[in-house]
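Colleague: Could you take me through one part of this model in close detail? I'd like to start at one end of a single helix and work outwards from there.

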Amino acid sequence: MTDSNSGGFQYNHVRDETTPVPHEEEHADVHTDDDDDEAYQPSSTSEDEEDEEDEESEAFLARLLRSIVEENGEENEDGNANTELVVETGNNDESQTEVERSEPYIFTLIQTMLLIFRIAAVRQRQMIRLLQNSQIGRLFHFVSGDELQFEDDEDEESAWRRWTRRPKPDPNRFPKVPSDKGRELMNSGIFGSDEVHASRGSRPNNISEVKKLARRILDRELATEDSARRRVNQRLMAQGMIPSSKPDMVVHYDDPVYSGQFSDDGNFFFSVNKDFKVRMYDTTNPYKWRYYKTVLYPFGQSLIRKTFHKYLLLKISDKAQWTLTDASLSPDNRYLAYSSIRSTVCLAPTDPNDHGDPYSLDLSGAGDGRPNDAGFRSGRGSFGIWSIRYSGDGRELVAGTSGGSIVVFDIESRRTLHRIFGHDEDVNAVCFADSSSPHILYSGSDDTTIKVWDTRSLGDSREAGAFVGHLEGLTYIDSKGDGRYILSNGKEQSMKLWDLRMVMSPRDFKEIRPNRARFAEPHFDYRWNTYDEDDWYPHPRDNSVVTFRGHKVLRTLIRCHFSPPASTNSRYVYSGSEDGKVYIWNMDATLAGIVDVYSATKNTMPYRSNLNIDNIRWHNDNDESHTRWKTCVRDASWHPNAPMIAASAWSGYGMTSGTLSLHSFCDGAEDDEAEPKMGLRVNAKLEKIRELYGLSLENDQL
């Protein structure tokens, strides 16, 4: 990520947000998005080759300028060209030669031209990249193609390049769908039950899914089969209930929602918002939620919403942390840890009757086991936290931070056990391999890699292994919780499944990434641009199992997850998307379903002229995008015991607000006889929105 808390004329906000910045947000601990090293690129040029090209370019320019001078002047005996300017005064026999006066001007002109071409030669690669990834080339009369590249010129092969069309990449370079390896996983029983293996030979398999589900429900109610068959039937029935786009309830917030997750037992849900507040809900009955309470991150600052330019000034002077970034629930559901773009984590009790202030944990210790000093800011002490997770035993917190570091913090003793700089760029996500063990840890970074760590041997700061295959930075990683499979989202618009048994050894990883370039061209800027599919290519050392495509990983750190075992039989993987949808895949990379959150929430609130201008993610000054409803699903959570997905989104007119929409399996029904009715619209405290329903203050509860 590229956002940080640096000084200067800029925003102090989360790197993954699409907030305009006058320049790159950088400080000593937050690095820019670097390109992959030369081993990862289809083509590259070494520094020595670039120096040789610069020298040859200068020599060629010198020869070119000399020839121009010679054409307009005369050759002296010394070989130096002096240009004569003859001024006619109207009398043919009167002419004046001004060689001496013209020489300084010509010399200055030549120096200026050499300086300009020298700068152009040094910046040649950057210019090539710019012209390849934009429409600037169309402005020049000698460019006719959609995509351009430089090729060697016949006369000056290493100094000048000419414009040509970039060859179209192989259309068959994308991973095969359906994936053969994914199909093997589906048949293995690890990810759900296969219909062919589970069906009786006498039962037809060509009936519709609706009839299959109805037959399974009938079999369950009649209980005419043995216990083993009933268990298989129950699992098949669970994995067939995919939530629909029709919402049961839409919760509206004044600010965008960054994350929302159910607890492992399904009895609790938390929503993390940009306004530095976390809302907690009782979801014991998944179809009738109850509001618990709201906790505040005391180090964030709510800004006065004025005009956009006034907002800029407030952001700079107040140094607000822009947003909450992540939250994690303790294994016993008693405490919730949540973070922002600073090294302080808050710990709040989930007891609805406990309204005390949250505990503050300073993670900026040196990692030498000593108690942390809240004032410790020397060296590389200050950082922002992008990801926070509880260990399986609930005793430790692990954080992914800016500057490429991973922090392991002991909660009871309040000290930093380890802080290792294991990545070249920001660590956007961390998680544990086994939900019951604190030992094996994964980290995903903007440097495009996933690394595996053993927390028992972090002292030497060496990873236990690595996964490579993403072409751009990672936005999120999720573990299946079995100590074996892991899922990741990448900015090259791909989601990947990994198997710990196929991890790359540290020695092999070091060989393919010997010296990563620290100042290479930046990665694709997912916050502003649309990804060019022609830039996608299969990684030569990809050690992933299955690659999933079709969603849009843009604008923010889109999250992905494994579906839960009880309510889906672990059959699917799913991800949010910038286009306002939740994509659900089978393990063979085929689409199992799509939840259209945009359609479910569109215009569910009336347009207001006093929008939160500081929440507008992107807009064109020439259009009226702030008056159109937009939705970007940042996170989604599948209920562990019910066929329901809760989608957390930036949603609203101009993306200025947020929604939490609940989508359950409804078999295509447009309405429900039960209460509350489908499509209910409520506020953050689950109260009916009075302006929509015309309710009095005494009659707005669910």
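Modeller: Let's begin at the start of H4, where a side-chain oxygen of Ser-179 comes to within 3.4 Å of the backbone nitrogen of Lys-181. Keep in mind that this is a predicted model. The helix itself covers residues 180-188, and its buried residues are Gly-182, Leu-185 and Met-186. Looking down the axis of H4, you'll find those buried residues within an arc of 100°, so they line one face of the helix. As for what lies over them, the cover includes three strands: E25 (485-490), E26 (494-499) and E27 (546-549). Go just past the other end of H4 and you get to Gly-189, which has a positive phi of about 95°.

Now for the charged residues around this helix. Asp-180 pairs with Lys-176 in a salt bridge, with 3.2 Å between the closest N and O atoms. How open is that pair? Lys-176 is exposed, its relative accessible area being 53%, while Asp-180 is partly exposed at 48%. Arg-183 has a salt bridge too, this one with Asp-588, and here the closest N and O atoms are 3.0 Å apart. That pair links distant parts of the chain: Arg-183 belongs to H4, Asp-588 sits in the loop between strands E30 (581-585) and E31 (591-596), and 405 residues separate them. Asp-588 is buried, with just 3% relative accessible area, whereas Arg-183 counts as partly exposed at 32%.

Side chains of opposite charge can pair when their charged atoms come close. Over the whole structure, a search turns up 17 salt bridges. One to look at is Arg-527 with Asp-525, at 3.1 Å from N to O; Arg-527 is buried, with 3% relative accessibility. There's also a network of salt bridges that ties together Asp-326, Arg-389 and Arg-559.

Glu-396 makes a nice contrast. This residue is in strand E17, which runs over 396-401. Glu-396 is buried but has no salt bridge, and the nearest side chain of opposite charge, that of Arg-395, is 7.7 Å away. Why doesn't that one count? A salt bridge needs the nitrogen within 4 Å of a carboxyl oxygen, and Arg-395 is 7.7 Å from Glu-396. Leaving out residues up to four places away in sequence, Glu-396 touches Arg-389, Tyr-390, Ser-391, Val-408, Phe-409, Asp-410, Ile-411 and Leu-417.

Asp-282 is another buried acid, at 7% relative accessibility, and its place is in strand E10 (residues 277-282). Which side chains does Asp-282 reach through polar contacts? One such contact, of 2.6 Å, joins Asp-282 to Thr-284, and another, of 2.4 Å, joins Asp-282 to Arg-290. Setting aside neighbours within four places in sequence, Asp-282 is in contact with Asn-267, Lys-288, Trp-289, Arg-290 and Tyr-292.

Back to E27 for a moment, since that strand helps cover the buried residues of H4. Leu-554 lies in the loop between E27 and strand E28 (560-562), and Leu-554 is buried at 4% relative accessible area. Its C-alpha is 8.7 Å from that of Asp-525, although the two positions lie 29 residues apart along the chain. Asp-525 is the residue that meets Arg-527 in a salt bridge. With neighbours within four places left aside, the contacts of Leu-554 are Gln-493, Phe-524, Tyr-526, Asn-529, Tyr-531, Glu-578 and Cys-632.

Stepping back to the nonpolar cores, the largest has 29 residues, and the members that touch the most others are Tyr-442, Ile-450, Ile-477, Leu-487, Leu-497, Phe-548 and Val-573. Apart from that core lies another, of 16 residues, including Val-257, Phe-269, Met-644 and Val-682.

For the overall setting, the protein chain has 12 helices and 35 strands. Of its 702 residues, 52% count as buried. Among contacts between residues at least 6 apart in sequence, 58% join residues at least 24 apart.

Notes
Residues numbered from 1 in each chain as written. Predicted model: local features only at pLDDT ≥ 70, side-chain atom pairs only at ≥ 80, totals over all residues. Heavy atoms only, no water. Buried < 20%, exposed > 50% of the residue type's maximum accessible area, 1.4 Å probe, protein only. Helix = DSSP H or I, 4+ residues; strand = E, 2+ residues; numbered from the N terminus. Arc of directions from axis to C-beta. Contact = heavy atoms within 4.5 Å. Polar contact = N/O pair within 3.5 Å; in protein donor to acceptor, adjacent residues only side chain to side chain. Core = buried A, V, L, I, M, F, W, Y, C linked by side-chain atoms within 4.5 Å. Lys, Arg positive; Asp, Glu negative; His and termini not counted.
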